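Visitor: I am new to reading protein models, and I would like to go through this one slowly, with the reasoning spelled out at each step.

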Amino acid sequence: MSTEQEPTTPQDELSQALPPEQPEVDDHAAALDELQDRWRRALADLDNLRKRHAKELDAVRKEERARTAVAWLPVVDNLDLALTHAGSDPSAVVEGVKAVRDQAVDVLRRLGYPRYEETGVPFDPAVHEVVGTVDDPDAEPNTVVQVVRPGYGEGSRQLRPAAVMVSKRQE
């Protein structure tokens, strides 16, 4: 028997020092790559969704503005008609302007903002704005006795409160 060992090369020594390749490291790296790819795709999908939503929202706003403008066109047409007849019978012009005002109030009602101008009701700061007080012995204290400017809307959809005069307490 010979006691001679076969000569070794530096590459053989290196392969003996390093553990053999572990297939699970490659699997983890591949899984990580796949998750990163899915994450990037999800971010891109989210960005595309945001852009599409912004476009749709803009289109809905434009459509609603156009629908509101169309609702007001008959009012404008009738005002133009009243102005062309302004030189004729003054009482007819006044009646025409009242009809146009009623038409405008109806447009606001159809858009979801009904007009309110009730008197004799208790003052409610949610729907009334006090512009003055009056001494009225016939009215209960804190009761609306006069509407200076009507309000429009109801609940959380209020365009403006009614400007009112309220009875004050008698002393």
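Visitor: Which residues does Ser167 touch, not counting those up to four places away in sequence?

Guide: In this predicted model, Ser167 has its place in strand 6, which covers residues 162–167. Leaving aside residues up to four places away in sequence, Ser167 touches Val134, Asp136, Ala139, Glu140, Pro141, Asn142, Thr143 and Val145.

Visitor: Is Ser167 buried or exposed?

Guide: The relative accessible area of Ser167 is 1%. Because buried means under 20% relative accessible area, Ser167 counts as buried.

Visitor: Which strands are the edge strands of the open sheet in the order 1-4-5?

Guide: Three strands form this open sheet, in the order 1-4-5, and their pairing is antiparallel. An edge strand pairs on one side only, and that holds for strand 1 (115–116) and strand 5 (157–160).

Visitor: Which residue in strand 4 stands opposite Arg115?

Guide: Strand 1 and strand 4, the latter made of residues 151–154, pair in the antiparallel sense over two bridges. Opposite Arg115 in strand 4 stands Tyr152.

Visitor: Within what arc do the buried residues of helix 3 fall?

Guide: The buried residues in helix 3 are Val93, Val100, Ala104, Val105, Val107 and Leu108. Seen down the helix axis, the buried residues line one face of helix 3, because they fall within an arc of 155 degrees.

Visitor: Which residues are exposed on the other side of helix 3?

Guide: Exposed means over 50% relative accessible area. On the other side of helix 3, the exposed residues are Glu95 and Arg110.

Terms used
Residues are numbered from 1 along each chain as its sequence is written. This is a predicted model: local features need pLDDT of at least 70, side-chain atom pairs count only at pLDDT 80 or more; totals for chains, interfaces and linings use all residues. Side-chain values use heavy atoms; hydrogens and water are left out. Helices (H or I, at least four residues) and strands (E, at least two) are DSSP runs, numbered from the N terminus. Buried means under 20% relative accessible area, exposed over 50%, partly exposed in between (1.4 Å probe, protein chains only). Contact means heavy atoms within 4.5 Å. Two strands pair if DSSP finds at least two bridges between them. The arc is that of the directions from the helix axis to the C-beta atoms.
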